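Reader: I have a new model open on my screen and would like to talk through its helices and side chains. Could you walk me through it?
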Amino acid sequence: MLLSRPSASLEIRNLTWIVPMISCLATGAVFVSGPGYRQSAQRFYFLVLLLVMGFTAVTVMGCRECWLIHTTTLGIMVVAAFCVPTATQFPENPIDHEFDNARGFDDP
């Protein structure tokens, strides 16, 4: 039959890799985003971090076979949160700061 529904275990295996892929996308977006998009990328990152935390709790409590993948993803995202660049590390317009430094003005 062409319209038969796949088994539930097949669906869980297919959804297992969605959480790590979304977390990789969010982590990459934070580190690659430009100065104008950095704050929205950080918000997206921490939203995905909360979602991954929820998915990890569900998989661990349900004793599903993908709990190790989700726990590892959550751990990587927590460690990467300490490496997220902040606005003070990257000024909005570095050319203006170079011009101010050339005139003798110091950054606060």
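Author: Gladly, and let us begin with α4, keeping in mind that this is a predicted model. On the other side of α4 from its buried residues, the exposed ones are Leu68, Ile76 and Val79.

Reader: Which residues of α4 are buried, then?

Author: A residue counts as buried when its relative accessible area is under 20%. Within α4, those that qualify are His70, Thr73, Leu74, Met77 and Ala80.

Reader: What arc do the buried residues of α4 fall within, seen down the axis?

Author: They line one face of the helix. That follows because, looking down the axis of α4, its buried residues fall within an arc of 130 degrees.

Reader: What does α4 reach from its first C-alpha to its last?

Author: The helix has 15 residues, and the estimate uses 1.5 Å a residue. The expected value is 21 Å, and the model comes close to it, with a reach of 21 Å.

Reader: How are α3 and α4 arranged, roughly parallel or roughly antiparallel?

Author: Helix α3 covers residues 38-61 and helix α4 residues 67-81, and their axes come within 9 Å. The axes cross at roughly 150 degrees, and the crossing is left-handed. Angles over 145 degrees count as roughly antiparallel, so that is the label for this pair: roughly antiparallel.

Reader: And where does Cys63 lie?

Author: Cys63 is a residue other than glycine with a positive phi, near 55 degrees. At 68% relative accessibility it counts as exposed. Its place is the loop between α3 and α4.

Reader: Let us turn to α2. Which of its residues are buried?

Author: On the other side of α2, Met21, Cys24, Leu25 and Val32 are exposed. The buried residues of α2 are Val19, Pro20, Ser23, Ala26, Thr27 and Val30.

Reader: What arc do those buried residues cover around the axis?

Author: The buried residues sit on the same side of α2. This is because the arc they cover around the axis is only 125 degrees.

Reader: My last topic is the rings. What kind of aromatic pair do Tyr45 and Phe46 form?

Author: The count comes to one aromatic pair, with the ring centres of Tyr45 and Phe46 5.2 Å apart. Tyr45 is buried at 1% relative accessible area, whereas Phe46 counts as partly exposed at 38%. There are 80 degrees between the planes, and angles over 60 count as edge-to-face, so the pair is edge-to-face.

Methods:
Residues are numbered from 1 along each chain as its sequence is written. This is a predicted model: local features need pLDDT of at least 70, side-chain atom pairs count only at pLDDT 80 or more; totals for chains, interfaces and linings use all residues. Side-chain values use heavy atoms; hydrogens and water are left out. Buried means under 20% relative accessible area, exposed over 50%, partly exposed in between (1.4 Å probe, protein chains only). Helices (H or I, at least four residues) and strands (E, at least two) are DSSP runs, numbered from the N terminus. The arc is that of the directions from the helix axis to the C-beta atoms. Rings of Phe, Tyr and Trp (its six-membered ring) pair if their centres lie within 6.5 Å; planes under 30 degrees apart count as stacked, over 60 as edge-to-face and the rest as tilted. Axes are lines fitted to C-alpha atoms, for helices over the stretch in contact, and angles run from 0 to 180 degrees between N-to-C directions. Angles under 35 degrees count as roughly parallel, over 145 as roughly antiparallel, 65 to 115 as roughly perpendicular and the rest as oblique. A crossing is left-handed if the near helix is turned anticlockwise from the far one by less than a right angle, and right-handed if clockwise. The expected span of a helix is 1.5 Å times one less than its number of residues.
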